[in-house]
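Dear colleague,

Please find below the structure that I am handing over to you. My notes on what was found in it follow directly after it.

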Amino acid sequence: MAKTWFITGAGRGFGRSITIEALKRGDNVSATVRTADALDDVSAAFGDALQVQVLDVTDRDAGFAAVAAAKERFGSLDIAVNNAGYGLNGMLEEVSEQQARTQMEVNFFGALHITQAVLPVMREQGSGLIVQISSIGGVVAFPGLSIYHASKWALEGMTEALANEVAGYGIKTLIVEPGGYGTDWGGSSAVTADQHPAYAPLHEARAEAAKNYDPSLMGDPDALARELIELVASESVPPRALLGGMITDIAIGAYRERIETWEAGRARAEAAQK
């Protein structure tokens, strides 16, 4: 049976790849984009199975209207994918207040708006899946991406709580944590704060690492989309999915270090109780 997807940020990157793979499967997709012609080629190939809507996810009312239009067009909403987002480069001291607020508006509040909009539809249906496209940056943090990490950690915390709130209504959540992929995340979509000379050594180290990075290690967005489609179609959807090479070891290593720290501080924690 064909399912209906609502996908934000579908004009390029993961959103575009997921849109195409879902359509190939025979599903319907309501895809939101920033520019009206971003999916013209996809529309030509798949016709009425694709609804394209121009949306700025930071506009809450517009987000609710887009979800309502998708429900009216296809009759149901089975899977919502909050994919819209971008990266903000800059050490914490370098980032302006407006840059920080805009990062949170897109990466966190945009997902919040759409999630709140689809919940009544899915609750009425008694079923649905909300997919949050997070990042390995929602698990571990690196210098120069402090506010980006903040947005993804906020998204993941919200979603973990949400999963418990809506489980009784047949609604599930899935946090997708990709590693490095060949999207536009670090290209024209990214924003970079003005550099402060105090952080020159860190910027130089990041530039050197980027220069020496092997492009062949970057994942293929289409491969992620294919894996996500299979995952969503499975009988048991996990609450989280790390996707991409090498990041499983990175995530496990980070949690192992945290567990060791907590274990070492057990006596102090207990002493603080009395």
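How do the residues of the lining of the largest cavity divide into nonpolar, polar and charged? The lining comprises 6 nonpolar, 5 polar and 1 charged. Please bear in mind throughout that this is a predicted model.

**Cavity**

A search of the whole structure finds 1 cavity of 30 Å³ or more. The space within the largest cavity amounts to about 50 Å³. Its lining is formed by Thr-8, Val-57, Asn-82, Asn-83, Ala-84, Val-106, Asn-107, Gly-110, Ala-111, Ile-133, Lys-152 and Leu-155. Helices α4 and α5 each contribute at least two residues to this lining, and the largest share, 4 residues, is supplied by α4.

**Second largest pocket**

The volume of the second largest pocket is about 220 Å³. Its lining consists of 13 residues, of which Lys-3, Asp-78, Gly-128, Leu-129 and Val-232 are the closest to the centre. At least two lining residues come from each of β6 (128–133) and α7 (221–233). Sorted by class, this lining holds 5 nonpolar, 4 polar and 4 charged residues.

**Salt bridges**

Side chains of opposite charge can pair when their charged atoms come close. The structure contains 8 salt bridges, and three of the pairs are described here.

Glu-21 is paired with Lys-24, with 3.6 Å between the closest N and O atoms. Both residues belong to helix α1 (residues 13–24), where they stand 3 residues apart, about one turn of the helix. Is each partner buried or exposed? Glu-21 counts as buried because its relative accessibility is 12%, under the 20% cut-off. Lys-24 is exposed, because its relative accessible area of 56% is over the 50% cut-off.

Glu-97 and Arg-101 form a further salt bridge, with an N to O distance of 2.9 Å. The two residues are separated by about one helical turn, because they lie 4 residues apart in helix α4 (residues 97–125). Glu-97 has a relative accessible area of 55% and is therefore exposed.

Arg-240 and Glu-156 make a salt bridge in which the closest N and O atoms are 2.5 Å apart. This pair connects distant parts of the chain, since Arg-240 is in strand β9 (residues 240–243) and Glu-156 in helix α5 (residues 146–166), 84 residues apart. Glu-156 is buried, with a relative accessible area of 4%, whereas Arg-240 counts as partly exposed at 29% relative accessibility. Which residues are joined into one network by salt bridges that share partners? They are Glu-156, Glu-160, Glu-177 and Arg-240.

**Strand β9 and its pairing**

Strand β9, which holds Arg-240, has two faces: Ala-241 and Leu-243 make up the covered one, while Arg-240 and Leu-242 make up the uncovered one. Strand β7 (residues 171–178) pairs with β9 in the parallel sense over 4 bridges. Within this part of the structure, Ala-241 in β9 is the bridge partner of Val-176.

**Strands β2 and β3**

Strand β2 (residues 28–33) and strand β3 (residues 50–54) are also paired in the parallel sense, over 5 bridges. Together with helix α2 (residues 40–46), these two strands make a right-handed β-α-β unit. Val-33 stands opposite Val-54, a residue of β3. Val-54 is exposed, because its relative accessible area is 52%, over the 50% cut-off. How far apart are the C-alpha atoms of Val-54 and Ala-267? The separation is 55 Å, and the two residues lie 213 residues apart along the chain.

**Points to take forward**

For ease of reference, the main findings are repeated here.

- The structure holds 8 salt bridges, and one network joins Glu-156, Glu-160, Glu-177 and Arg-240.
- The largest cavity encloses about 50 Å³, and α4 supplies the largest share of its lining.
- The second largest pocket has a volume of about 220 Å³.
- Parallel pairing occurs between β2 and β3 and between β7 and β9.

Yours sincerely

Note on methods
Residues are numbered from 1 along each chain as its sequence is written. This is a predicted model: local features need pLDDT of at least 70, side-chain atom pairs count only at pLDDT 80 or more; totals for chains, interfaces and linings use all residues. Side-chain values use heavy atoms; hydrogens and water are left out. A salt bridge is a side-chain nitrogen of Lys or Arg within 4 Å of a carboxyl oxygen of Asp or Glu. Buried means under 20% relative accessible area, exposed over 50%, partly exposed in between (1.4 Å probe, protein chains only). Two strands pair if DSSP finds at least two bridges between them. A crossover is right-handed if, with the strands pointing away from the viewer, the path from the first strand over the helix to the second runs clockwise. On a 1 Å grid over the protein atoms alone, a cavity is a set of points where a 1.4 Å probe fits but cannot get out, and a pocket is an open set with protein on both sides within 12 Å along at least five of seven lines; lining residues have an atom within 4 Å of a point. Grid points are joined across faces, edges and corners, and a volume is the space filled by probe spheres set on the points. Ala, Val, Leu, Ile, Met, Phe, Trp, Tyr, Cys and Pro count as nonpolar, Asp, Glu, Lys and Arg as charged, and the others, Gly among them, as polar.
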